[in-house]
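Here are some notes for a colleague who is opening this structure without having met it before. They take up the pockets and the aromatic rings, and they are best read with the structure in view.

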Amino acid sequence: MSIITLTTDYGIKDHFAASVKGKILSALPAVQIIDISHCIDLYNVANASYVLFGAYKSFPEGTIHMVLVEAEMFDQTSFLLTKFDNHYFLTANNGTISLLATEEDKTEIIDLTIPDGCNDTISLYTFVAEHILKANFEGLGQAIAYQDCEQLIELRAKVSDDENSIKGAIIYEDHYGNAVTNITKELFQKIRKGRKYQINASRYRISRINEFYADFNTQTKSIREYEGEMMFIFNDLDFLQMSIYKSNPDTVGNVRTLFGLNYRDTIIVEFIE
């Protein structure tokens, strides 16, 4: 059975997500629809890209991933069908792909032609999905290069010219209130080259990254005494993440409420010789 996933900012209170599923199933009754998330922050393509990046590899090859965030038909200049890792991604040409894949990835991208009968995004996506399932890509649009897509360069981590620092930003707040940055473990290790480091987050300075959440010195105090302390860790997707140990966002607070750090705020890693 063919699979289509949905990543949207529609929420779960209203009829929007169900309506999208109904339209897809009316046209493609044999497909299975899987929700990745309908709780993406409104219009936030960085959130959508991060959540989809964390999920898509768990699906079978050939899965079609529809991204309906900042993707209204008449708000966007164009729409893309992108294939990489043997998965298909349907997105607006709004930078989503530049946060999912890099220029080094082997991507195939089609700038889609919008047929006369497609008057909204989901009708376009469904039309393209039907062609994908039939392995018929002719007439869908024009092939373009990765560098010709809209790029969200400002949301990529940047290495200084002297390679003594990495400037990143918070791109996502998860269910636990952790602040995920765009600095990957691979980039960190590549630039670090065995040097000491200091992480600067607003007025806070930290010179250690935990290997796991409970990775504290229990010889000096009990593990319970660390509850509520700020820490950094590389999360399950290998992104540098700012966390508060054993924090409950509903009662104690989270990185945003306790330390005033929000989406797009700067995180700088400095390397010390």
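**Notes on pockets and aromatic rings**

1. In the second largest pocket, helix α1 gives the largest share of the lining, with 4 residues. Please keep in mind throughout that this is a predicted model. The space in this second largest pocket comes to about 420 Å³, and of the 21 residues that line the pocket, those nearest its centre are D9, Y10, L68, A71 and E72. Two elements, α1 (16-27) and α4 (121-133), give two or more residues to this lining.

2. As for the character of that lining, the residues around the second largest pocket divide into 11 nonpolar, 4 polar and 6 charged.

3. The largest pocket has a volume of about 1,100 Å³, and 34 residues line it, of which T102, N182, T184, E186 and F239 are the closest to its centre. Helices α2 (45-55), α3 (96-100) and α5 (185-192), together with strand β10 (179-184), each supply at least two residues of the lining. By type, the lining of the largest pocket divides into 17 nonpolar, 7 polar and 10 charged residues.

4. Turning to the aromatic side chains, the count comes to 14 aromatic pairs. For F84 and F89, the ring centres lie 4.6 Å apart and the planes meet at 10°, and because planes under 30 degrees apart count as stacked, this pair is a stacked one. Both F84 and F89 are buried.

5. How are the rings of F188 and F271 arranged? Their centres are 5.7 Å apart and their planes stand at 50°, so the pair is described as tilted. This pair links distant parts of the chain, since F188 belongs to helix α5 and F271 to strand β15 (residues 266-272), with their positions 83 residues apart in numbering.

6. Are the two rings of that pair buried or exposed? F188 has a relative accessible area of 3% and is therefore buried, and F271, with a relative accessible area of 6%, is buried as well; the cut-off for the term is under 20% relative accessible area.

7. One aromatic cluster is formed by Y50, F53, Y56, F84, F89, Y172 and F239. The stacked pair of F84 and F89 thus sits within a cluster that also includes F239, and F239 is one of the residues closest to the centre of the largest pocket. A reader who wishes to follow the aromatic cluster and the largest pocket together may therefore begin at F239, which is named in both.

How values were computed: Residues numbered from 1 in each chain as written. Predicted model: local features only at pLDDT ≥ 70, side-chain atom pairs only at ≥ 80, totals over all residues. Heavy atoms only, no water. 1 Å grid on protein atoms, 1.4 Å probe; cavity = no way out; pocket = protein on both sides within 12 Å on 5 of 7 lines; lining within 4 Å. Points joined across faces, edges and corners; volume = space filled by probe spheres on them. Nonpolar A, V, L, I, M, F, W, Y, C, P; charged D, E, K, R; others polar. Phe/Tyr/Trp six-rings, centres within 6.5 Å; stacked < 30°, edge-to-face > 60°. Buried < 20%, exposed > 50% of the residue type's maximum accessible area, 1.4 Å probe, protein only.
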